[in-house]
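Work through the exercises below with the model open. Each task is followed by its solution in steps.

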Amino acid sequence: MRIVDLIIKKREGGEHSREELQFIIDGYLDGSVGEEQISAWLMAVYFRGMSDQETAALTDIMQHSGDVLTYADVSDIIVDKHSTGGVGDKTTLVVAPLVAASGVPIAKLSGRGLGFTGGTLDKLESIPGLRVDISGEAFRAQLNNIGIVVAGQTANLVPADKKLYALRDITGTIESIPLIASSIMSKKLASGANKIVLDVKFGSGAFMQQPEQAKELAKAMVKIGDALNRQTVAVLSSMDQPLGYAVGNTVEVQEAIDTLEGHGPADFTELCLTLAGHMIFLGGKALSAEDGYTKAKMLLENGFALEKFYQLIKAQGGSLANGLPEAEFTASVYAARAGIVQAIDAKTIGHSSMLLGAGRETKHSIIDPTAGIILRKKVGETVEQGEVIAELHYNTPYAYRLDEAVKAVQDAYVIDEMQPKILPLILDIIE
Ligand code: URA
């Protein structure tokens with residue numbers, strides 16, 4: 001086999017066999033295929049796409065390019081959830097305890113935030129003392145004891161994706177549905193999940209801006225799950241405005257606790273119950289996703305999910321005995337005019353939160369756990385001119401960043417007279 005022939009084959013719209021895909025990925029990893037050749041192949045895939053069979057085979061090959069975790073000794077069923085990322089997305093902090101409280105074990109490997117999106121690990125680490133570097137025996141023991149672990153990735157999972165993603169990033173080939181779907185699913189599969197619920201976001205603060213694109217991605221991932229015998233469900237949810245009111249780290253943990261106490265924001269609570277309902281059903285503890293939803297609601301109301309969250313914090317060394325730390329300063333952002341909030345650009349809010357120190361500008365930036373934004377108005381709410389629309393929490397003495405953040409938050413709010421067209425939070429479910 002020669003790589004140049006495979007590049008030409010894809011360029012001409014041909015379909016690769018599994019052996020050909022294996023040859024390409026192996027060659028890239030062992031250095032026998034050059035970056036310039038993989039770049040050309042990625043661009044050919046970008047324009048020509050991949051069949052469902054090719055996408056599933058590529059995912060499987062990538063999945064096996066490094067360690068593949070299994071918890072078969074702990075439980076036959078491991079349900080995982082993946083969100084394509086957004087602003088104010090603290091769903092794992094609520095969904096994982098909800099599902100674990102139903103008796104379905106959760107072994108979750110989460111990530112850190114970069115740019116305008118936050119990461120679950122950063123949010124968890126904002127709880128005093130909490131550790132996310134749990135691996136091997138300790139991970140299994142915690143899963144056995146309390147049925148829930150949320151940790152960082154220590155194993156060498158899917159090295160092929162790390163290399164390919166970095167190359168896609170600099171060759172204009174990120175936005176390819178089969179490449180995104182295989183990238184996400186290979187990591188989920190390698191991390192030991194056999195049932196997967198995907199939260200695929202669309203909107204201004206999402207990776208996929210248009211609902212149609214997000215739906216296409218969701219379908220591609222569900223098909224991969226089917227082809228590789230992992231039951232997969234995708235929930236299409238809106239990221240046209242931040243989820244809930246809090247964006248940051250400690251502020252999002254507080255909102256997650258409020259939600260587990262039963263008084264969280266309506267949109268966020270609804271999404272968490274929907275995701276948890278599907279996970280509880282896939283985990284075999286409910287007769288249907290609707291039944292799972294009802295069970296999840298009960299676990300919220302009776303405090304069992306909150307109790308599970310506290311168990312998780314304690315097991316990972318965290319303590320809320322002195323509450324969550326808070327930022328030293330707050331600044332208000334005021335409505336420039338009276339009217340109804342038409343839109344709140346989620347990406348701009350995420351970016352502003354990063355300017356305050358809550359997110360990373362580069363991989364090496366240090367996070368300020370207490371910095372963040374609390375929205376005081378959401379889409380559809382009426383505001384008076386000069387009314388507070390958001391509150392910024394910060395410690396940084398760099399005033400120019402605060403000014404920049406205040407301006408960005410004000411710009412993120414679109415206020416007008418008309419009644420805004422509000423898309424449903426959950427647009428579709430792909431099973
Ligand atoms: N997230 C991933 O993990 N992979 C992609 O290709 C895009 C988003």
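**Exercise 1.** How do the residues of the shell around the ligand divide into nonpolar, polar and charged?

*Solution.* Note at the outset that this is a predicted model.
- Step 1. List the shell. Tyr165, Arg168, Ile180, Ser183, Ile184, Lys187 and Phe207 surround the ligand.
- Step 2. Sort by class. The shell holds 4 nonpolar, 1 polar and 2 charged residues.
- Step 3. Assign the classes. Tyr165, Ile180, Ile184 and Phe207 count as nonpolar, Ser183 as polar, and Arg168 and Lys187 as charged.

**Exercise 2.** Find the polar side-chain atoms that lie within 3.5 Å of an N or O atom of the ligand.

*Solution.* Take the residues one at a time.
- Step 1. Start with Arg168. One of its polar side-chain atoms is 2.9 Å from a ligand oxygen.
- Step 2. Go to Ser183. An N or O atom of its side chain lies 2.6 Å from a nitrogen atom of the ligand.
- Step 3. Finish with Lys187. A polar atom in its side chain is 2.5 Å from an oxygen atom of the ligand.
- Step 4. Add the surface view. Alone, the ligand exposes 240 Å², and the protein buries 83% of that.

**Exercise 3.** Which pocket holds the ligand, and which elements give two or more residues to the shell around the ligand?

*Solution.*
- Step 1. Locate the ligand. The largest pocket is where it sits.
- Step 2. Name the elements. α8 (159-171) and α9 (177-190) each give two or more residues to the shell.
- Step 3. Rank them. α9 provides the largest share, 4 residues.

**Exercise 4.** Describe the largest pocket by volume, lining and class.

*Solution.*
- Step 1. Take the volume. The space in the largest pocket is about 1,900 Å³.
- Step 2. Take the lining. It has 46 residues, and His82, Gly111, Arg112, Tyr165 and Lys187 are the closest to the pocket centre.
- Step 3. Map the lining to elements. β1 (79-83), α5 (91-101), β2 (106-109), α6 (120-125), α8 and α9 supply at least two residues each. α8 gives the most, with 6 residues.
- Step 4. Split by class. The lining has 14 nonpolar, 20 polar and 12 charged residues.

**Exercise 5.** Repeat the description for the second largest pocket.

*Solution.*
- Step 1. Its volume is about 380 Å³.
- Step 2. Of its 15 lining residues, Asp240, Gln241, Val379, Ile422 and Leu423 are the closest to the centre.
- Step 3. Strand β8 (residues 339-344) gives the most to this lining, with 3 residues.
- Step 4. The classes are 8 nonpolar, 3 polar and 4 charged.

Technical notes
Residues are numbered from 1 along each chain as its sequence is written. This is a predicted model: local features need pLDDT of at least 70, side-chain atom pairs count only at pLDDT 80 or more; totals for chains, interfaces and linings use all residues. Side-chain values use heavy atoms; hydrogens and water are left out. A residue is near a molecule or strand if one of its heavy atoms lies within 4 Å of it. A polar contact is a pair of N or O atoms within 3.5 Å; within protein, one must be able to donate a hydrogen and the other to accept it, and residues adjacent in sequence count only if both atoms are side-chain atoms. Accessible areas come from the Shrake-Rupley method with a 1.4 Å probe; for residues, only the protein chains shown count as cover. On a 1 Å grid over the protein atoms alone, a cavity is a set of points where a 1.4 Å probe fits but cannot get out, and a pocket is an open set with protein on both sides within 12 Å along at least five of seven lines; lining residues have an atom within 4 Å of a point. A molecule sits in a cavity or pocket if more than half of its atoms lie within 2 Å of its grid points. Grid points are joined across faces, edges and corners, and a volume is the space filled by probe spheres set on the points.
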